[in-house]
Amino acid sequence: MTQLSTVLPLSRRTLLGAGLAAALPLGAQAQAFPSRPVTLVVPFPAGGSVDLIARLYAEPLAKALGTSVVVDNRAGAGGSIASAQVARAKPDGYTLVVSSQSSHLANPLTQANVGYDPIKDFASIAQLARTPNVLVMNPAVPARTVKEFIAHVKANPGKLNYCSAGPGSMGQLNVELFKSTTQIDAVHVPYKGGGPMITALVANEVQFGLDNLGPFLPQIQAGKLRALAVAAPTRLAVLPDVPTLEELGYPLSNATSWIGLAAPAKTPPDVQAALYKAVRAVAEQPAMVEALQTRGMLAPEALSSAQFTAMMGERLAVYGDLVKRLGIRGE
């Protein structure tokens, strides 16, 4: 009798437990990712290129993942504040950052105490887009080729100004790398964002720049600015007569910028894999390729997370050396 009185209650508890588990809603049991909305944190104000890409991807990515995708703009410190917040977020795949060379290259190299390591504190999931850069100038500059431009600057050392969207921005790093390669001398004039920078270039307050093509493209097409070269794998359909910097013998300056998707570093591998699969499914859609091209951008490379991280490491090394040599500092 003792044995029966011991065994029967245990069996009953087991059966009751099994019945309770079966009765629980799915949300109370382990579920496959994703089971709730995913947030894409954009570390910049609405309207910029990073925000544009996030919003282009949000709806088709939601369909690919089978859940809602919310875009959350959290501007501040050139993208550093929100990037640091995502680095410290719960690593479950539901809080992601739309990364870029500003937040994950320029800022960590030029800002003091940025609050995160772009390699160690993130899992770089996949590229979302690539943005060609353009060597662009005011038409008053008497040069129609890069060779003529370099000769003109060398004949007028320190007399030409170049623009950027701020101290320590990629626009400054791009030009300083080009200056280092070509041995030209020009003065940096930083502005507070892309809009004022373009206005100043059109007004000839500054004479040239080397930055993302997208914001400059309408002014180039209107004849208000002149494009001498692009940083892209091949010539671009929107500027077919403009050579690449690699064609002209400047491969180091020919790298495109990138916009990507990153998660906190300890995000589980299966969650990272699900996000990568969804991103690639969207990136390969003809509608997405066309949407990027019409905005002066390129489809992303099909890089694995490891390849993406390796590429970032290579660029951090190149620009890191430049920043240290020149003592470049961000705001």
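A nonpolar core is a set of buried Ala, Val, Leu, Ile, Met, Phe, Trp, Tyr and Cys residues joined through side-chain atoms within 4.5 Å. The model on screen is predicted, and the tour starts from its largest nonpolar core.

**Stop 1: the core.** Select Val-38, Leu-40, Ile-53, Tyr-57, Leu-65 and Val-98. Of the 37 residues in the largest nonpolar core, these six touch the most other members. Now colour the elements that give two or more residues to this core: E1, H2, E2, E3, E4, E10, helix H9 (269-283) and helix H10 (286-294). Helix H2 gives the most, with nine residues.

Stay on Val-38 and show its surroundings. Neighbours within four places in sequence aside, Val-38 is in contact with Phe-33, Leu-65, Thr-67, Ser-68, Val-69, Val-70, Gly-93, Tyr-94 and Leu-96.

**Stop 2: the sheet.** Select strands E2, E1, E3, E10 and E4, which form an open sheet in that order, with mixed pairing. Strand E2 (69-73) and strand E4 (122-131) each have a single partner strand, so these two stand at the edges and one side of each is left without a neighbour in the sheet. On average, neighbouring strands of this sheet are turned by 25° against each other, direction ignored.

For one pair in detail, select residues 95-100 (strand E3) and 257-264 (strand E10): the two strands run in the antiparallel sense and pair over four bridges. Which residue of E10 is the bridge partner of Val-97? Pick Ala-262 to see it.

**Stop 3: helices on the sheet.** Add helix H2 (residues 49-65). H2 packs on the sheet and touches strand E1 (38-42), E2, E3, E4 and E10. The direction of H2 makes about 160° with that of E2. Next add helix H11 (residues 305-326), which also packs on the sheet, touching E4 and E10. Here the angle is about 75°, between the direction of H11 and that of E4.

**Stop 4: H6 against H11.** Keep H11 and add helix H6 (residues 170-182). The two helices pack with their axes 10 Å apart, at an angle of about 85°. Angles of 65 to 115 degrees count as roughly perpendicular, and H6 and H11 are therefore roughly perpendicular to each other. To display the contact, select Met-170, Leu-173, Asn-174, Glu-176, Leu-177 and Ser-180 on H6, with Val-318, Tyr-319, Leu-322, Val-323, Arg-325 and Leu-326 on H11. By class, this contact has eight nonpolar, two polar and two charged residues.

**Stop 5: backbone details in loops.** Go to Pro-34, in the loop between helix H1 (2-23) and E1. A cis peptide bond joins Phe-33 to Pro-34, with omega about -5°. Phe-33 was already on screen as a contact of Val-38.

Then select Ala-77, in the loop between E2 and helix H3 (80-87). Ala-77 is not a glycine, yet its phi is positive, about 55°. Its relative accessibility is 44%, so Ala-77 counts as partly exposed.

Asn-113, in the loop between helix H4 (101-110) and E4, likewise has a positive phi, near 50°. At 79% relative accessibility, Asn-113 counts as exposed.

**Stop 6: Val-114.** Is Val-114 buried or exposed? Val-114 also lies in the loop between H4 and E4, but its relative accessible area is 14%, so it counts as buried. Neighbours within four places in sequence aside, Val-114 is in contact with Ser-80, Ala-84, Asn-107 and Pro-108. Finally, set a distance label from Val-114 to Ala-77: the C-alpha atoms are 9.0 Å apart, with 37 residues of separation in sequence.

How values were computed:
Residues numbered from 1 in each chain as written. Predicted model: local features only at pLDDT ≥ 70, side-chain atom pairs only at ≥ 80, totals over all residues. Heavy atoms only, no water. Pairing = 2+ DSSP bridges. Axes fitted to C-alpha atoms, helices over the stretch in contact; angles between N-to-C directions. Contact = heavy atoms within 4.5 Å. Buried < 20%, exposed > 50% of the residue type's maximum accessible area, 1.4 Å probe, protein only. Parallel < 35°, antiparallel > 145°, perpendicular 65-115°, else oblique. Nonpolar A, V, L, I, M, F, W, Y, C, P; charged D, E, K, R; others polar.
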